[in-house]
Amino acid sequence: MAQNASSRYEMSKAFITFDGLFSILPALMIIMLAFNAAHTLTDEAVERINRQQVFDKLVSVADYTVKQGAAVSEDMGAIAGEEVRYPNWVDDSKITDQYRESLRKRANLNGLSIELTNPGDGSYCIYRIVVVGSGKDIDLLYVCGD
Amino acid sequence: MSAVISMQSVEAVISLMFFVSVLSYMLSGIAEKPGLDDSLYRYQLADDVWRVEQLKGNFKDFSFDANNAMRDDVEADFDYINGMTGLCIYMGGIKVTSCSSDYTIAEKVASVSRAAYINGSAKNVTLTLAKDIS
């Protein structure tokens, strides 16, 4: 009789362990899935922020180049030291390697190219509509970087 | 006993529904992927178009009249820009480029409003860029 009771007790313990096992497994799976989803979400958000930052920097670099850095300028002889700039009229001789490098450093970008032709090398690019040369021919100024 | 089982089943179903709804909410957040905020850049592009025409002096004697020489020059330039960028350009709601998108249905990219001397008087003209869907 006592042996029977003990055997029943052992059986019930086994069932409790089994039951526990089957309830813990789905809970663990749910926790793992939730962690995975959170991880993916975080990665996605970081990537999105990085992309937006690079884009904003390229927009700033392009705007500075078009309006000031590479804009055609004229010295107003009568007013000493005064210079008139023509935004969107680009003097491509001003876009030197040194100019690009200084802007790249200031913008904290890994790479930066400012060209009148599309480099097409797979880096992230934006363009601005400009005129070039004395004939004021319409062209696109590509600003690419990463 | 059967009442206990059915109660457990109800609990399990409720838990599963809760889990599935939370998971789908999280996954929809991943799938959404909002694009870049390029509103400033688009505005700059519209301003570029205006500025380029101003630099070329095409707004000096501009008129919307069909036989106006400046209008022809502006049209030619806008067509050229359309060829390079794929953007339709409208002035004052009138399509100046030869792309086929109509102003009312075109997907607008950006608009700028500038003062220009048109038809002999100073007027505020809206220049709009739109996607060329042709």
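Biologist: Which residue follows H3(B), and what is the sign of its phi?

Modeller: Helices are DSSP runs of H or I of at least four residues, strands are runs of E of at least two, and both are numbered from the N terminus. Here, H3(B) is followed by Gly86(B), with a positive phi near 75°. This is a predicted model, where local features need pLDDT of at least 70, side-chain atom pairs count only at 80 or more, and totals for chains, interfaces and linings use all residues. Residues are numbered from 1 along each chain as its sequence is written, while chains are lettered from A and ligands numbered from 1 in the order written.

Biologist: Which residues of H3(B) are buried?

Modeller: First, the idea: an α-helix has 3.6 residues a turn, so residues three or four places apart point the same way. Buried means 20 or more other C-beta atoms within 10 Å of a residue's own, exposed means 12 or fewer, with C-beta atoms placed from the backbone. In H3(B), Arg71(B), Val74(B), Asp77(B), Phe78(B) and Ile81(B) are buried. They lie on the same side of H3(B) because they cover an arc of only 125° around the axis, taken from the directions from the axis to the C-beta atoms. Ala69(B) and Asp72(B), on the other side, are exposed.

Biologist: What do those buried residues pack against?

Modeller: Residues are in contact if their C-beta atoms, placed from the backbone, lie within 7 Å. The buried residues of H3(B) pack against strands S4 (124–132) and S5 (137–145) of chain A, as well as H2 and strand S1 (87–91) of chain B.

Biologist: How many residues does each chain bring to the contact?

Modeller: Chain A gives 22 residues and chain B gives 23. On chain B's side, H2(B) gives the most, with nine residues.

Note on methods: Contact = placed C-beta atoms within 7 Å.
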